[in-house]
Amino acid sequence: MLIDLRSDTVTHPTPAMREAMYHAEVGDDVYGEDPTINRLQELSAERTGKEAALFVASGSMGNIAAMLTHAGRGRAIIVGDESHIYRYEGGGASTLGGSPMYVVPTHQDGMLDLDRVEVEIADESDEHVAPTALVCIENTHNRCGGTVLNVQQIAIIADMAHAHGVAVHMDGARIFNAAIALGTPVSKLARPVDSLMFCLSKGLSAPVGSLLVGSKDFIHRAHRSRKLLGGGMRQAGVLAAAGIVALEQMVERLAEDHEHCKQLARGLADYPQIDIDPERVVTNILTFTLRNSQQQKLSEAKTVQFLEKAREHGVLMGSMGGGLIRAVTHYGLEAEHISTALTGIRRVLIEMQL
Ligand SMILES: Cc1ncc(COP(=O)(O)O)c(C=O)c1O
């Protein structure tokens, strides 16, 4: 059996989701007539403490729709250099919306460098620069290893942005993981920000879909952005039905994924060839690098070889470039799978004589 730690997106819908999908009542959602989508949107707005919600096809679509709605041509967006929005979404708002992105450093904990955010925020007064419309943050932070931003950290960024009349969007693809790790309701984490995107199709195990939430006016305007992106779906209540099950049944169990990720991190930390700080692992994502007996980081080529060998031993993990490896725990993986994965990884380290 392959133990797939590449991502929490590899999860399959639960039996309850398949059942709900089969029985879902549907209608034409572009006319606002799909009762199951409407119910999912109401539930999402309620859970996040926002006025309204919009069902979108993916996390990337939710983020890009948010940016197109907040910003638009010639209006700038501040993003972190390690953010998913900046690195993995095809330059979304710049490519499609004509919004320049101003990139600021990201700290190890996923927090943006506040001094640089302040420097980059521009108003209309200087004709040389694009005025800032939006600051984007990410919670949990993927490339930082699933780190979480707490309410105070989110509020500091939001207060700074709002003082300049700039909106804040949170890429909360895994916001429920953050909420569980912090013991803080999502509604509290979402309060300081103007919009939030969260995914149903990652740790929550639904097959498809994300939600964009915000004020009624924002979501009204976001409908136009979604349509422009080709995301106006019709009888998509069959998908939303799985999303409702995800929100109602799959949130609390994320704590198990976090526990498994800690188990994996602690096991990996026992291997001298693996550079990882298990104390930094707080949700379902961990990252590590490989090192030789002189404590030097191994080359990208060796890292790729390690990942290939791990696959041969039944353990799948992902490369994040530059020798960084990511492993993600999720629904379907139990403590014994983690033990098996650790044994497989140990064999690879021995075989490669690292
Ligand atoms: C932090 C973050 N934001 C956004 C996304 C995009 O989600 P999707 O793959 O559904 O477009 C991902 C996907 O992995 C992610 O990790």
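## A tour of pockets and cores

Start at the second largest pocket, which has a volume of about 220 Å³. The model is predicted.

To find this pocket, select His84, Ala173, Arg174, Cys199 and Lys202, the closest to its centre of the 21 residues that line it. Next, colour α3 (59-70) and β7 (195-199), the elements that give two or more residues to the lining of the second largest pocket. Of these, α3 gives the most, with three residues. Colouring the lining by class shows 11 polar, six charged and four nonpolar residues.

Now move to the largest pocket, where the space comes to about 350 Å³. Select Gln108, Cys144, Arg280, Thr287 and Leu324, which lie nearest the centre among the 18 lining residues. Then select strand β10 (residues 285-290): five residues of the lining come from this strand, the largest share. By class, the lining of the largest pocket has seven nonpolar, six polar and five charged residues.

Leave the pockets and turn to the largest nonpolar core, a set of 53 residues. Select Phe55, Ile137, Ile175, Phe176, Leu200 and Leu204, the members that touch the most others in this core. Add helix α11 (residues 237-249), which gives seven residues to this core, the most of any element.

Stay with Leu200 and show its neighbours. Leaving aside residues up to four places away in sequence, Leu200 touches Leu40, Phe55, Ser205, Ala206, Val208, Gly209, Ser210, Leu211, Gly243, Ala246 and Leu247.

For the last stop, select Leu264, Leu286, Ala310 and Met317. These residues are included in a second, separate core of 29 residues.

How values were computed
Residues numbered from 1 in each chain as written. Predicted model: local features only at pLDDT ≥ 70, side-chain atom pairs only at ≥ 80, totals over all residues. Heavy atoms only, no water. Core = buried A, V, L, I, M, F, W, Y, C linked by side-chain atoms within 4.5 Å. Buried < 20%, exposed > 50% of the residue type's maximum accessible area, 1.4 Å probe, protein only. Helix = DSSP H or I, 4+ residues; strand = E, 2+ residues; numbered from the N terminus. Contact = heavy atoms within 4.5 Å. 1 Å grid on protein atoms, 1.4 Å probe; cavity = no way out; pocket = protein on both sides within 12 Å on 5 of 7 lines; lining within 4 Å. Points joined across faces, edges and corners; volume = space filled by probe spheres on them. Nonpolar A, V, L, I, M, F, W, Y, C, P; charged D, E, K, R; others polar.
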